[in-house]
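Here are a few exercises on how domains sit against each other. Grab a viewer and try each one before reading the worked solution.

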Amino acid sequence: MRIFKFKRSLTLVAGSALAASLLVAAPTVASAAPACDGKFPVQTCGGATSDGAPYAMMVPANFNGTVYLYSHGYRNDVPLPAALSAATGFPATVTNTPQPGPNATVIAALLAKGYGVVGSGFARQGWNADSAIKTNVELVGVFKKQFTTTTKVIAWGESLGGFITQSLAEKYPDLFSAAAPLCMASDVTPLSTMAGDALWGIKTFFDPTIKGGNYSAGAAGYAEAMGDLGKVFTVIQTLQAAFAANPSTPAWPATSKVPDAIKGIPSRSALVMVALMSGVPMQSAHFDSTSAPAGLPAANALSFQVAINPAFAALENVATAAALGVLVTYDFELQAGGAIFDNSTTDYAARIAEEQYIWASALSGNSGTAGLLSVLAASPRAKAAPAAVEKLKTLGTHTGKVEIPTILFTGVADPVTAAGNQQSVADKYAAYYAEKWEAVKKAKGYKRPANNQLVLWNFPLEKYSKYTAAGAPDTSVPAATGTNHCNFTTSQYMAIADLLAYASTTGKHLSGGPLLTKIRKAGNMTYDRGYSAPKLKYYGE
Amino acid sequence: MIRTTRRKGTWLAATVLAVGSLFATSLPAYAETGVTSNEIKLGITLPLTGAASPGYNKIGNAMNAYFKYVNDNGGVYGRKVTLIQKNDEYSPQLSIAKTNELVLKDKVFALVGPLGTANFTSVHKSVGIAKRGIPSLFLNTGFSGFANKKTYPTSFMVLPSYAMEAKIIAQFLKENYAGKKLGIVYQNDEFGIDGMGAFKAAGIKFDVSVAYTSGTQSIPTAQTWVSQLAAGGAQVVVFFGVTSAAAPTLAVSAAAKYAPQWILGSVGADPITLRGLGVPLAVLNGALTLAGNPSPNDTSDEYVKQFREVNTKYNIAGTAFDDYVLQGMNIALMTVQALRAAGPKPTRKGLISAMESKGSSFASVAYSPLGFSKTSNVGHTGYYMAVMDANGDRKPFGGKVSLYTTDSGSGPVVLSTFKRPAMPAKGLPSNS
């Protein structure tokens, strides 16, 4: 049996994109006017909007009148114990430090081109779409008042910030000239369902003491949630060690209470089941579900390709999804006033009806699949509080209806905001566009309405898994393109920024050869009308 | 997504693939993807390397050989047919990437003979074959699920389904081996689901069942399978899996001197490939197998004769003419008929329509009828039982071909009176 020694432990992806890098210090009290440092060639201004949310503005001396309003992603709204902070990449404390761009390099590049940048840290963390939208609208006014030569405001943001950006584009077409929701979250319920399913799957197969939601009020609930987070990590670390010791038939964690007969199925197959039933992608930062270490005999190589590599991919991605599941479930429950995850009527067999054929080997065949499904069918289900579910729906949804140019861009194998989020918004806009076109035709018009939505994808490469000379998976290398959460290059950010600038100026998207040239030069950006990302499982696929 | 330009099939579908290159397109002289005034471009994904490749890696070259033959004789309405092969190593995830290349980079007109059930399932879902309207002709898998025309409206099977095959074997078992202890080795996925479901429906109960997960086949695992069969006293063993699993099973049983009556399913029974994988001839001698086509050694068959000539002249030098080569050439022959049926100005829609309206009349080496129609994408529908001899050749059981046809459901297994269409003159279709 091949023994794998991982070059590096698997860690969650949250750190880089979910928890914002801290860029600009700002006052913590609201003030009528920004405090600017007056520096040349770029002056930085700080302040707070009326809700107390700190903001940062950076404007070059050669400001060209266009400013990019950036909305950052999800940040934890409760402090995390140090160990969990280190494991997740989320800060130990709650922070509302303002972030005017994706990262310092992109901000510098935009400033060098004469653009201004602005961003808030928002008044509260966690899922904050409603308040963040209001904050941003006010912030645009503050910026324009401070920099009166402002002519165009472009909105962009990532993850939850992508949700906020899409909402701004839908609701405030007069305020913004273009927008780009990146690696976006779409509707709250499907998103929380994916995270909840992943968490429930980990609980069901590997540690039934995980509470998985319906947390108690007050300090007790906080302790339960942090306890769950710790247990999720323990499960993942245990599985990682088991995978490394025996990738073909890794042991089940001691905390698992599935029947002994089920433990005859390799634990890796249960993890693949969790990924499939929740809709977590089967390509991860370091595992392509395709390749095998060099030097394996042909028969073993095929087994690694179709059974073991996918399990490693599931391990990386489910770890992230389940951990996020704890944080967002706790957050949403606090906001909604009760349990929000409900799988009491979920038919997991139907959910994987097609994928079980694709991943048959990884699931240990038909009998393995049937055995794992029997565990899911027999396990106690989670029941939500109806009022909380209704409240949750009010925390955010998109219509998809935009009248300004918007650009969607995401990694196809994003394990947090799965590509189905972007697809959902694309589908809604397609339906809206069809309505508009029908109306034109009904009025005996012939001119198609302007297409305001440009949808771009970042596909992972065919093969990208790396192995050490000894044949062990090497997870110390950077995450592959198209994988991980909001894993974009500076070139891709700048391509989006340039496309936004063009759309902002002309009122329409760059198209044809110039568009293709632009995205080719950026690398790993795909424009393909025919592609549809898998819908989120909540929608029944 | 929303169309933003005037013409379908121009640069709109262009994309930058993950490999990082741009595939900008221009408006071709003939406005259908993959078709120009002098070429029709087709694509196939299949395992060219790796454990699953033996035998399958000959299919694409065989198709190419036949297409070259057709091209040397005027092509299809003056257009040469080009086939692009992509190696998916039998990995479903890789099939997606390779098919994306075929569709987006190479801009093929249609897929022909894509191989593997899990592979095509993943491709269909992730590449959006139906949504894009891409014809996928002659899927090289017998999974009956692909017969669902609602789910797979642009796809067409060629092999009889695994369910049909199991039903025919079941009838044979009842007629010839009643009272014997029965064993089966089957692939524990949709392949096996199809087969086992049909066996069960036919009332066949196996005394020893060995399920293997695709990808685990090897000599050590085969030793456990054979041990189970022998310990259970199986006297007649059905092997319902792929060649790369059949070979170690047969080799191990020979070494263990375990000699049941083998009945090899159609998928894992090519004697040349089995011998190449180390199976002794002695084990094959007397083994029964399901077959839909004549033996590749039957030079009295007009199809075999013609294809062997094409193989000698156009295939890679030294390519042994076996079941895989025969199957590849036959798929190519049917493809040319489909392209001709689509007319001199072929479109993807037209090709699908031609398959539905004329596909059932295509000439094919297989003895059974084709089931194509507006409501069916079922290909061939029957098998006959054959027996292998000491040379590894295949002869009809009982001395003559007794072909049985059936469906994938509850329909009866019936002795067919179907008369196979003649091979087109010189092997060159002239249909329209």
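**Exercise 1.** How many residues of domain 1 of chain B are in contact with residues of domain 2 of chain B?

*Solution.* Keep in mind that this is a predicted model.
- Start with the bounds: in chain B, domain 1 runs over 11-160 + 300-380, and domain 2 over 162-291 + 383-415.
- Next, count C-beta pairs within 7 Å as contacts.
- That gives 19 residues of domain 1 of chain B, against 22 residues of domain 2 of chain B.
- Now look at who supplies the domain 1 side: α3 (117-132) and α11 (323-341) of chain B each bring at least two residues.
- Finally, sort that side of domain 1 of chain B by class, and you get 11 nonpolar, 6 polar and 2 charged residues.

**Exercise 2.** How far apart are the C-alpha centres of domain 1 and domain 2 of chain B?

*Solution.* Take the centres over C-alpha atoms, and the two domains of chain B come out 28 Å apart.

**Exercise 3.** In chain A, which helix gives the largest share of the side of domain 1 that touches domain 2?

*Solution.*
- Set the bounds for chain A: domain 1 is 14-186 + 397-460 + 496-511 + 528-535, while domain 2 is 189-392.
- Their C-alpha centres lie 31 Å apart.
- The contact draws on 20 residues from domain 1 of chain A and 24 from domain 2 of chain A.
- On the domain 1 side, α2 (82-88) and α14 (419-442) of chain A each supply at least two residues.
- The winner is α2(A), with 3 residues.
- To round off, that side of domain 1 of chain A splits into 13 nonpolar, 6 polar and 1 charged.

Methods: Residues are numbered from 1 along each chain as its sequence is written. Chains are lettered from A and ligands numbered from 1 in the order in which they are written. This is a predicted model: local features need pLDDT of at least 70, side-chain atom pairs count only at pLDDT 80 or more; totals for chains, interfaces and linings use all residues. Domain bounds come from an automatic or database domain assignment. Two residues are in contact if their C-beta atoms, placed from the backbone, lie within 7 Å. Helices (H or I, at least four residues) and strands (E, at least two) are DSSP runs, numbered from the N terminus. Ala, Val, Leu, Ile, Met, Phe, Trp, Tyr, Cys and Pro count as nonpolar, Asp, Glu, Lys and Arg as charged, and the others, Gly among them, as polar.
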